[in-house]
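Visitor: I should like a close look at a single part of this protein, namely its salt bridges. Please take me through them with the structure in view.

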Amino acid sequence: DGGGEGVPDSLVEIWQADGEGRYRDAFGWGRCGTAPDGGFRFVTVKPGSVPADDGRPQAPHVNVLVFARGLLKPVYTRMFFPDEESNDKDPVLSALAEPDRALLIAGDVGGRLRFDIRLQGERETPFFAL
């Protein structure tokens, strides 16, 4: 939240391509309620690259929706992977200035990825129009 506290009783939803960069009906979607401290967790595979609407390749990413009390509609963002060479050419990341760009790249914490979503305040996550 704006004070830096976790938001309990929210819902985080993801969808992503498979490792080959394909969206399939039986793969790539998940939903998780947040814990009392605002935490959430997904276990999945790193998606492959998928083309953007204009055909340019996008860096591997996970699409993220957040539903929370006080939001009239969900907010949408993306999580990108650290040390991914194609991040430099991704159309979404390329359209953002630093430090916003860095806020969409997950951090590697002991072999696991950590992606903090900040709904408002300092270091607010960049959100996109639905």
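Visitor: Does Asp 18 count as buried or exposed, and what is its relative accessibility?

Guide: The model shown here is predicted. In it, Asp 18 has a relative accessibility of 3% and therefore counts as buried, since the cut-off for that class is under 20%. Asp 18 forms a salt bridge with Arg 22, and their closest N and O atoms lie 3.4 Å apart. Arg 22, at 46% relative accessibility, is classed as partly exposed.

A second pair is Glu 98 and Arg 101, whose side chains meet in a salt bridge at 3.8 Å, N to O. Here the acidic residue, Glu 98, counts as exposed at 53%, whereas Arg 101 is buried, with a relative accessible area of 13%.

A third pair joins Asp 116 to Arg 114, with a distance of 3.0 Å from N to O. Asp 116 is partly exposed at 31%, and Arg 114 counts as exposed at 53% relative accessibility. As to networks, salt bridges with shared partners link Asp 18, Arg 22 and Arg 24 into one. The count of salt bridges comes to 10.

The pair of Asp 116 and Arg 114 also leads to the largest pocket: both are among the residues nearest its centre, together with Phe 40, Leu 113 and Phe 115. The lining of this pocket comprises 37 residues, divided into 17 nonpolar, nine polar and 11 charged. The space within the largest pocket is about 1200 Å³.

Definitions and conventions:
Residues numbered from 1 in each chain as written. Predicted model: local features only at pLDDT ≥ 70, side-chain atom pairs only at ≥ 80, totals over all residues. Heavy atoms only, no water. 1 Å grid on protein atoms, 1.4 Å probe; cavity = no way out; pocket = protein on both sides within 12 Å on 5 of 7 lines; lining within 4 Å. Points joined across faces, edges and corners; volume = space filled by probe spheres on them. Nonpolar A, V, L, I, M, F, W, Y, C, P; charged D, E, K, R; others polar. Salt bridge = Lys/Arg side-chain N within 4 Å of Asp/Glu carboxyl O. Buried < 20%, exposed > 50% of the residue type's maximum accessible area, 1.4 Å probe, protein only.
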